[in-house]
Structure formats: structure tokens, C-alpha cells
Amino acid sequence: MNVRVLLSACAMTLALTACAGAHALRVTDASRPRALPGPGPVNVHWTDPTQFTELRYSFNRHEAARGDWVVQLAEYIRDRAAKQLPPGEHLDVEILDIERAGEYEYMFGPGVADIRVMRDVYPPRMRLHVRRTGADGALLEDGERRISDIAYLTGPQPLSNSDPLRYEKRMIDRWVRRELATR
């Protein structure tokens with residue numbers, strides 16, 4: 001293979017990689033929905049992710065915005081709450097803010113700036129507005145909730161070490177059990 005063909009192939013590969021990266025899924029895309037579709041006993045919607053603490057104060061905003069973690073957390077809230085919610089009740093959850101566990105630390109240099117570092121000082125946190133109505137339509141709860149797991153690195157660890165949202169999901173599990181405990 002001659003050098004020109006090899007260089008041309010390398011240039012094409014780089015161009016295709018750049019194009020694929022340009023269309024990568026990002027939580028900040030304006031075209032992405034801000035609510036989970038479909039009716040049900042639990043509705044989850046969220047405010048503009050660009051205003052979430054996770055993105056506003058991240059040392060690597062590009063990496064923090066990658067993926068669909070807002071949708072994944074919203075689906076997790078919906079699914080877990082639906083299992084715990086008494087029959088006939090309705091729960092509306094608005095996600096106001098998310099700060100994921102860990103942080104991208106710039107001090108290690110540009111080669112590792114896309115690695116999320118887990119330390120005690122970076123616990124997962126969420127701020128939610130919750131509205132719960134009874135089977136008769138009467139308002140049971142209405143207000144803001146601040147949930148966090150400041151001891152997320154101590155105690156029993158989540159079963160899955162491969163889930164990048166494992167600490168946030170464990171925090172949500174604990175909140176759902178407290179929030180929807182039978183009266």
C-alpha cells in the first residue's frame with residue numbers, strides 16, 4: 001500500500017470519527033425531551049439540564065454532558081416509585097437539579113480529564129419537586145425534596161460496579177422507600 005493511500009485512509013477515518021463524535025448523545029441537546037412519555041401513576045419531568053449543578057460546575061463540562069443520564073435517572077425514579085406507590089395514587093416528580101457522584105478532576109492533566117474520580121467530597125445529590133395525590137384526587141404531599149448520599153463510598157456497595165449511575169440509583173431507592181412508606 002503506498003503512502004498516499006494510507007494517509008488518505010487515515011484522514012477519512014479521522015473525519016468519520018469526528019462526525020460520529022459530533023452527533024454523540026448529549027443531555028444538553030435542545031431537541032431532547034424534558035419529560036418521560038406516556039401516562040401512568042408516576043410522571044417525571046425535568047428542567048433545563050444545562051442549569052444542573054453537574055454541568056454548571058464540572059471541571060469537564062463536555063464529558064459531564066455526554067450520554068442520556070438524565071433520562072436514565074428519570075426512568076429509574078418512575079419505575080421505582082411506581083412499584084411503591086399505593087394503588088390509585090399519583091406522583092408527579094420534577095427534577096430541579098442533579099449532581100452526580102464523583103467529579104472530573106483537572107489536576108491530573110489532559111490525558112485523564114475524562115475520568116470521573118470518586119471521593120467523599122463528591123456525593124450524589126438531587127433536588128426534586130414532588131406532588132402526590134390520593135386515589136380521590138386529594139393533595140397528599142406537595143413540596144421540594146433534597147436528597148443526597150453523603151456516605152456513598154462507605155457501607156455496602158451497589159451490586160453492579162459497571163453501572164455509572166449506581167450511586168445515584170441507590171440514593172433514589174432510599175428516597176423512594178422513605179417518601180412512599182405506608183402511613
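Me: Why does Glu144 count as partly exposed?
Reply: In this predicted model, Glu144 has a relative accessibility of 41%. Partly exposed is the range between under 20%, called buried, and over 50%, called exposed, so Glu144 with its 41% is partly exposed.

Me: And what makes Arg146 exposed?
Reply: The relative accessible area of Arg146 is 66%. Exposed begins over 50%, so Arg146 meets that cut-off.

Me: How do you know that Arg146 and Glu144 form a salt bridge?
Reply: Their side chains come to 3.3 Å, N to O. The cut-off is within 4 Å, so the pair qualifies. Salt bridges that share partners join Arg127, Glu144 and Arg146 into one network.

Me: What makes Arg127 and Glu144 a salt bridge?
Reply: Here the closest N and O atoms are 3.3 Å apart, and the rule asks for within 4 Å, so this pair counts as well. It links distant parts of the chain, with Arg127 in strand 5 and Glu144 in strand 6, 17 residues apart.

Me: Why is Arg127 called partly exposed?
Reply: Arg127 has a relative accessible area of 24%. That value is not under 20% and not over 50%, so the label is partly exposed.

Me: What does the salt bridge between Asp48 and Arg34 tie together?
Reply: The side chains of Asp48 and Arg34 meet at 3.3 Å, N to O. Asp48 lies in the loop between strand 1 and helix 2, and Arg34 in the loop between helix 1 and strand 1, so the pair ties together parts that are 14 residues apart in sequence.

Me: How many salt bridges does the rule give?
Reply: The count comes to 16.

Technical notes. Residues numbered from 1 in each chain as written. Predicted model: local features only at pLDDT ≥ 70, side-chain atom pairs only at ≥ 80, totals over all residues. Heavy atoms only, no water. Helix = DSSP H or I, 4+ residues; strand = E, 2+ residues; numbered from the N terminus. Buried < 20%, exposed > 50% of the residue type's maximum accessible area, 1.4 Å probe, protein only.
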